[in-house]
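User: I'm new to this structure and would like a close look at one part of it, the largest pocket. Could you walk me through what lines it and how that part is built?

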Amino acid sequence: MKRMTGLLALSVLLMSLTGAAFSADDSTVTGWQKSLIADLTTTQTAYSDSWSGGEAGSFNWVGNVNGGAENQLAEWLDVKSTLRMSFG
């Protein structure tokens, strides 16, 4: 349990540092501002011998891709495109 708490604290610290590094506002950027996030999520289940019936288990996965692009073409025209895909 103590090891799990340490890993959780380390994960939160790393995520907060990463978020701070990428959250800086740079208003001098011109052109398209692009972003892309991809992840893979998996789960596995299994049943013990104490269950009655079939002894089946499962392995599930989902892949996600989230992307976007934005550009200020004119003072009055801001173009923003978003892409969200999931498969699994």
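Analyst: Start with strand 2, since that's the element giving the most to the lining of the largest pocket, with five residues. Keep in mind that this is a predicted model. The pocket holds about 160 Å³ of space. Two or more lining residues also come from strand 1 (33–45) and from strand 3 (77–87), alongside strand 2 (58–74).

Now for the names. Walking along the chain, you meet Gln33, Lys34, Ser35 and Ile37, then Asn66, Gly67, Gly68, Ala69 and Glu70, and later Lys80, Ser81 and Thr82. Sorted by class, that lining comes to seven polar, three charged and two nonpolar residues.

How do these strands sit together? They make an open sheet of three, in the order 1-2-3, with antiparallel pairing. Strand 1 and strand 3 are at the edges with a single partner strand each, so one side of each has no neighbour in the sheet. From one strand to the next, the twist averages 10°.

Take the two pairings in turn. Strand 1 and strand 2 are joined antiparallel over 13 bridges. Two of the pocket's lining residues, Lys34 and Ala69, face each other here: Lys34 stands opposite Ala69 in strand 2. On the other side, strand 2 and strand 3 run antiparallel too, with eleven bridges between them. These two form a hairpin, with two residues between the strands, and Ala74 stands opposite Leu77 in strand 3.

Note on methods: Residues numbered from 1 in each chain as written. Predicted model: local features only at pLDDT ≥ 70, side-chain atom pairs only at ≥ 80, totals over all residues. Heavy atoms only, no water. 1 Å grid on protein atoms, 1.4 Å probe; cavity = no way out; pocket = protein on both sides within 12 Å on 5 of 7 lines; lining within 4 Å. Points joined across faces, edges and corners; volume = space filled by probe spheres on them. Helix = DSSP H or I, 4+ residues; strand = E, 2+ residues; numbered from the N terminus. Nonpolar A, V, L, I, M, F, W, Y, C, P; charged D, E, K, R; others polar. Pairing = 2+ DSSP bridges. Axes fitted to C-alpha atoms, helices over the stretch in contact; angles between N-to-C directions.
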